Number of protein chains: 2
Amino acid sequence: MRELRVDLGERSYPIRIGEGLLGQAGQELLEAGLSVKSPLLVVSDDSVAPLYLEPLLEQLRSAGFRAASCVVPAGESSKSLARFEEIMTRALEEGLDRKSAIVALGGGVVGDLAGYAAASYMRGIRFVQMPTTILAHDSSVGGKVAVNHPMAKNIIGAFHQPALVLYDLDTLKTLPRREVSAGLAEVVKHGLIRDAAFVDWCVRHADRLLSLDPEALGYALFKGCEVKAAVVSADETEQDLRAILNLGHTIGHALEAVAGYGELLHGEAISIGMIGSALLGVQLGAPQEVYLRTREALGKAGLPVSLPEHFDTDRIMEAMMHDKKFGEGKMVFVVPTAIGEVEIRSDIREQWVRDIVERLKREASWP
Amino acid sequence: MRELRVDLGERSYPIRIGEGLLGQAGQELLEAGLSVKSPLLVVSDDSVAPLYLEPLLEQLRSAGFRAASCVVPAGESSKSLARFEEIMTRALEEGLDRKSAIVALGGGVVGDLAGYAAASYMRGIRFVQMPTTILAHDSSVGGKVAVNHPMAKNIIGAFHQPALVLYDLDTLKTLPRREVSAGLAEVVKHGLIRDAAFVDWCVRHADRLLSLDPEALGYALFKGCEVKAAVVSADETEQDLRAILNLGHTIGHALEAVAGYGELLHGEAISIGMIGSALLGVQLGAPQEVYLRTREALGKAGLPVSLPEHFDTDRIMEAMMHDKKFGEGKMVFVVPTAIGEVEIRSDIREQWVRDIVERLKREASWP
Ligand SMILES: NC(=O)c1ccc[n+]([C@@H]2O[C@H](COP(=O)([O-])OP(=O)(O)OC[C@H]3O[C@@H](n4cnc5c(N)ncnc54)[C@H](O)[C@@H]3O)[C@@H](O)[C@H]2O)c1
Ligand SMILES: NC(=O)c1ccc[n+]([C@@H]2O[C@H](COP(=O)([O-])OP(=O)(O)OC[C@H]3O[C@@H](n4cnc5c(N)ncnc54)[C@H](O)[C@@H]3O)[C@@H](O)[C@H]2O)c1
Ligand SMILES: [Zn+2]
Ligand SMILES: [Zn+2]
């Protein structure tokens, strides 16, 4: 078992990563200070629930908790105000009070949705994350929770730190292969922005990661969380530094917007986005190595490193202009200067980005 | 012009109370640090908007701001997720960014709704309150913002402090007489929990308050805000002390729930609730004077001090059991020990409360 503390003063919390954690969840919640007097609500989705919900509820009940559940359809479209309202209704029906917690059992979708519900119910109750995807190592650190608006992703939300993150590696075994790679995109991203040695490690151990070897996976999730936690602790409400976590996301979000749900997973989109950022970095003077190594790390993790031809460049550029990262009309990009180092640039010309989007289509094809 | 600072460290903000403030709103927003580069969204309701919205928008525009508006129907039913979503849509359409602000022009309903929108849009943007009711002196201090769920009031919300509160006394002139009295209920409440001299002042100057004399009204709102600010500063997230602000609210909320919207205004319900609390106080050993003075202060402000006969005691008791103030199943009551002093009691027997509800029906009738 690995443990990491996210250091945020009063709102600090532990992330525990290991095998078999679901089987001791009740005990963990008690240790985190939750009281059996106040009911819990477990939120999950209908892919994860059939696999892990009943064992979790039983575990919690055997520890003395009253635990109810709310299951939403799997997929990004559940990050909606309609589902949010449904959780509120369930919370009220089950009599959750100010000392209750909402437990998110699932990936980033469930985490963001349940987290926003916990942030809002009675103006904020406790929140426990039990991530079941690799990608959710990212969403489980930092306290950003949100739902989508039909016009924009993650636009309705809050900063709400969990009381505890319980990462049971066993639950990852059922994760579809494509989701494994997508999750690794954020793991690699955390290396790329802050930790060159970890990028090397990822390249060397990509096979073990893809086969979900618990030892390798535990280490990678720990390192990924560690980088994110360090950045978040230094800048909780995203004033400046935290923006480096958006490496690959300016292009990536635009790709997701243009692709329509399903064609590109978030991790896949930001993989292509990170290749774009690396190209931009090289263009701005970083060594060619930055591009090659980025490509190698992402490619070995089973991720796309080029953009399918049919993506329309104009639409991508338009989508980028709508991205909330363009504060006060300025384009802001996270650009690598070396492996493990990035800078934030607001002097990127639209034409450069346009050229890079075109270039991404000519990269060696989708793996 | 009177000014008060709500002292909350980094989140401190000024409340400015005076005549003609709407006519200088643009300047005030600039001084509060808002930038004309980021658009504003003014939220109002369809009773207030015809009176004050256009002049405000013009004022803001003449100061260089881009200012759009979103008008919701007047009344408590606008504190809903549906209206919240509407504001999100407008904010997106108008391109509000992280440096934008949402301005609430209206009473507590608009303030709570717009405030929760500001708390949630992009995980929190700035918020300016321009209260147009007396009651909203209460809601403009403390940062509690929320919408209702069909099953419970104020259950979906956040703590989000405004950047500025601009209280233009001129806008109060159009307030219906019944709303004036209802607002004074919270003013008197602030005296009852912390400031006996101010209760005396309220009794002596009730007529001036009811006739909206600007000097008297400015002073009363200042004192009301001052008491609330002191309590809130000491306990921002309602851990303990802040609970004293709920004087009259445990019974009051139950009455509102049973009455159905419209029959009782919030201020009227808590007026009756405060009489109930005073009776409880006397029963627990406070001098009879506490009851008599509470009754005098509320009665002179044109408020009901008795419960209409047709209210069903069983339903009131039931509604109280659902109130969120019953943490972990305990009934919590704020009870006066003297004028200007209260204590929080969790040892109140259901039967005592039931007796007091009955007794409230036998009080001298509705004024
Ligand atoms: N809050 C943040 O800081 C943050 C950071 C990154 C991403 N996110 C958000 O996270 C979301 C993406 O997260 P995600 O990739 O985990 O998506 P997800 O939650 O939709 O999970 C992906 C898919 O895998 C399924 N699944 C999850 N766990 C499984 C398991 N153990 N076995 C089998 N199937 C399983 C899910 O049902 C879903 O179909 C996005 O909405 C994104 O905005 C948030
Ligand atoms: N956030 C808090 O701390 C807090 C504290 C107390 C109350 N509240 C909330 O405040 C709400 C009640 O506030 P309220 O009493 O101001 O209600 P309100 O906003 O509904 O206003 C009352 C009525 O007066 C009208 N009105 C408002 N200003 C007017 C004006 N200047 N001229 C003519 N008509 C005007 C409104 O259109 C409405 O019909 C409740 O929802 C309550 O939950 C919140
Ligand atoms: Zn991401
Ligand atoms: Zn009140």
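1. Let's start with one term: a residue is called buried when its relative accessible area is under 20%. Keep that cut-off in mind as you look at this predicted model. A:Arg123 has 10% relative accessibility, so this residue counts as buried.

2. Where does A:Arg123 sit in chain A? Find the loop between H4 and strand S6 (126-131) of chain A, and you will meet A:Arg123 there. From that loop the side chain of A:Arg123 reaches over to chain B, with the backbone oxygen of B:Val145 at 3.2 Å.

3. Now turn to ligand 1, which is surrounded by 26 residues. The closest of these are A:Glu76, A:Gly108, A:Thr133, A:Lys144 and A:Thr174. By type, the shell around ligand 1 holds eight nonpolar, nine polar and nine charged residues.

4. Which atoms of the protein meet the nitrogen and oxygen atoms of ligand 1? A:Lys144 uses its backbone: one of its backbone N or O atoms lies 2.7 Å from a nitrogen atom of ligand 1. A:Thr174 uses its side chain instead, placing a polar atom 2.7 Å from a nitrogen atom of the ligand. With A:Lys153 the partner on ligand 1 is an oxygen atom, 3.0 Å from an N or O atom in the lysine side chain. Taken alone, ligand 1 exposes 850 Å², and the protein buries 89% of that area.

5. It helps to see which parts of the fold build this shell. Two or more residues each come from helix H2 (49-62), helix H4 (108-120), helix H5 (136-139) and strand S8 (152-159) of chain A. The largest share, three residues, is given by H4(A). You have met H4 already: the loop holding A:Arg123 lies between this helix and strand S6.

6. Chain B offers a metal site to explore. Which residues are the protein donors of the zinc ion (ligand 4)? They are B:Glu186 (OE), B:His249 (NE2) and B:His266 (NE2), at 1.9 to 2.1 Å from the ion. Along the sequence, these donors follow the spacing E-x62-H-x16-H. B:Glu186 belongs to helix H6 (residues 177-194) of chain B and B:His249 to helix H10 (residues 249-259) of chain B, so this pair ties together parts 63 residues apart in sequence.

7. Finally, try the opening cut-off on two of the zinc donors. Are they buried or exposed? B:Glu186 has a relative accessibility of 1%, so it counts as buried. B:His249, at 6% relative accessibility, also counts as buried.

Technical notes. Residues are numbered from 1 along each chain as its sequence is written. Chains are lettered from A and ligands numbered from 1 in the order in which they are written. This is a predicted model: local features need pLDDT of at least 70, side-chain atom pairs count only at pLDDT 80 or more; totals for chains, interfaces and linings use all residues. Side-chain values use heavy atoms; hydrogens and water are left out. A residue is near a molecule or strand if one of its heavy atoms lies within 4 Å of it. A polar contact is a pair of N or O atoms within 3.5 Å; within protein, one must be able to donate a hydrogen and the other to accept it, and residues adjacent in sequence count only if both atoms are side-chain atoms. Accessible areas come from the Shrake-Rupley method with a 1.4 Å probe; for residues, only the protein chains shown count as cover. Helices (H or I, at least four residues) and strands (E, at least two) are DSSP runs, numbered from the N terminus. Ala, Val, Leu, Ile, Met, Phe, Trp, Tyr, Cys and Pro count as nonpolar, Asp, Glu, Lys and Arg as charged, and the others, Gly among them, as polar. Donors are N, O and S atoms within 2.8 Å of the metal (3.2 Å for Na, K and Ca); water is not among the atoms, so sites may look incomplete. Buried means under 20% relative accessible area, exposed over 50%, partly exposed in between (1.4 Å probe, protein chains only).
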